[in-house]
Every structure is written in C-alpha cells, then in structure tokens.
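Biologist: I am new to reading protein models and would love some company. Please pick one spot, look at it closely, and then lead me from there to other parts of the chain.

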Amino acid sequence: MHSYISFDPAAEVNGDTLQALLEAFQVRYHAQHLLRQHGLPAAPKVGNWYPLQAWLDLLADVEHTYGEQTVYAVGLHIVTCSRWPAGLTSLNDALSALDEACRSNVEGENIGYYRVQQLAPGDVRVLCLTPTPVAFEHGLLTGMARKFRPEQSLRIRVEKEATPANSPPLLKWFRIKW
C-alpha cells in the first residue's frame, strides 16, 4: 500500500475538501466509515480544518481498498466541493489560480505547489509537487478542465506525462490539450 506523507506535519485541510470523498462514493456510509476510521468526522463541516495527514492516509486507504479510479473520482469532485478564487471564467483563469486555490484549501508551511507552463495555444503542462496520489491530481485537473472547458474546443484531454528522472520525488507532470 502506498503511503502519502505531508510535507508539513502540522498542515491542515478544510472540511470543504473532505466533502469530495462523500460526493465520490455512491454509498455514503462507506465514505463516512472511512472518514471516522481516519479520525475525521463522518460529516466534515465546511470551514473547519482537519489534519492533512489524516486526509492523505484516507486517500491511501481508498487507493488500496477501492482502486485508483475511486481516488480519481474524489479528485474530480474537488472542483465543486473546495474553495476557488471568485471570478474564474476560463480554463486559463482556473489554471492560473490553481496554486492559490490549493492554498485556500490546505494550510501549512510547506504544502507543495502547482506550476503551469503554456506550451502553445490550447496546450499546457501542469507540474504539481504535492503529497497526494497521482490519480487524485489527475481527477482534480480533469474536473477543472471539464468545468472551465473552452467553448470553442471540441474536446479536452488531461493526460499524465512521464516525469524526468532527475525530478524531485512526488513531482507529477500532466498535459492538458484542447
């Protein structure tokens, strides 16, 4: 089983983010059981803060028990459950605000980062150095791309890219094309 370790042991995640787990599970009882099992409330309160490490342990448990596709589904719901800066109207706006959104939902000295590289019109690379599973980040970026999909695009793709061998551990690369 993978383990995911917070860069900052004192870091916290908000209850808004924990709601994504409840949304991703078809059977709410299973999600509530997992939350309780990891020392989190079965009904996390929006605006309250909880240990990030408990959330990371829960994601590892979901990955081990239910598979990467369920972790991906939790990530998909982040865009609708967590806090985002006001006034985002385009995918480029949302991508630019990704790091800020992360800092609105996770508090701590070192929580990681998101960086966006514009490669061409309609083609960006997102680098994220986070302690979360790859499938979670893939789901988060896919959910964001779907929500802010450019009107003129026929389709949008979010794909995991190979991370260069000399990269820091936990750095993940994704490519978004539309």
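Modeller: Let's start at Leu171, which counts as buried because its relative accessibility is 10%; buried means under 20% relative accessible area, exposed means over 50%, and partly exposed lies in between (1.4 Å probe, protein chains only). Before we go on, please note that this is a predicted model, in which local features need pLDDT of at least 70, side-chain atom pairs count only at pLDDT 80 or more, and totals for chains, interfaces and linings use all residues. Residues are numbered from 1 along each chain as its sequence is written, and side-chain values use heavy atoms, with hydrogens and water left out.

Leu171 belongs to strand β7. Helices (H or I, at least four residues) and strands (E, at least two) are DSSP runs, numbered from the N terminus. Who are the contacts of Leu171, if we do not count residues up to four places away in sequence? They are Tyr113, Leu127, Cys128, Leu129 and Thr163, where contact means heavy atoms within 4.5 Å. Take Leu129: its C-alpha atom is 4.3 Å from that of Leu171, although 42 residues separate the two along the chain.

Now look at Leu170, in the loop between β6 (157-161) and β7 (171-177). With a relative accessible area of 39%, Leu170 is partly exposed. Its phi is near 75°, a positive value in a residue that is not glycine. Here is some background: most residues other than glycine have a negative phi.

Staying with strands β6 and β7, find Lys160 and Phe174. The charged end of Lys160 sits over the ring of Phe174, 5.8 Å from the ring centre; to count, NZ of Lys or CZ of Arg must be within 6 Å of the ring centre and within 35 degrees of the ring normal. Both Lys160 and Phe174 are in contact with Val134, and so is Lys172, leaving aside neighbours of Val134 within four places in sequence. The C-alpha atoms of Val134 and Lys160 are 8.4 Å apart, with these positions 26 residues apart along the chain. Val134 is part of helix α7, and its 36% relative accessibility makes it partly exposed.

Helix α7 takes us to an aromatic pair. How many such pairs does a search of the whole structure find? There are two. Rings of Phe, Tyr and Trp (its six-membered ring) pair if their centres lie within 6.5 Å; planes under 30 degrees apart count as stacked, over 60 as edge-to-face and the rest as tilted. In one pair, Phe25 and Tyr66 are edge-to-face, 5.0 Å centre to centre and with 85° between the planes. This pair links distant parts of the chain, 41 residues apart: Phe25 is in the loop between α1 (15-24) and α2 (28-37), while Tyr66 is in helix α3 (residues 52-66). Phe25 is buried at 10% relative accessibility, whereas Tyr66 is partly exposed at 32%. Trp55 and Phe136 also form an edge-to-face pair, 6.4 Å centre to centre with 80° between the planes. Trp55 lies in helix α3 and Phe136 in helix α7 (residues 134-147), so this pair ties together parts 81 residues apart in sequence. Both Trp55 and Phe136 are buried.

Trp55 and Tyr66 bring us to the packing of α3. The axes of α3 and helix α4 (residues 68-81) come within 6 Å and cross at roughly 135°. Axes are lines fitted to C-alpha atoms, for helices over the stretch in contact, and angles run from 0 to 180 degrees between N-to-C directions. The two helices, α3 and α4, are therefore oblique to each other: angles under 35 degrees count as roughly parallel, over 145 as roughly antiparallel, 65 to 115 as roughly perpendicular and the rest as oblique. Trp55, Leu59, Val62, Glu63 and Tyr66 of α3 meet Glu68, Gln69, Thr70, Val71 and Val74 of α4.

One last stop is Thr17, in helix α1. Thr17 is buried, at 5% relative accessible area. Apart from neighbours within four places in sequence, Thr17 is in contact with Trp55, Ile78, Ser82 and Asn105, so you meet Trp55 once more.
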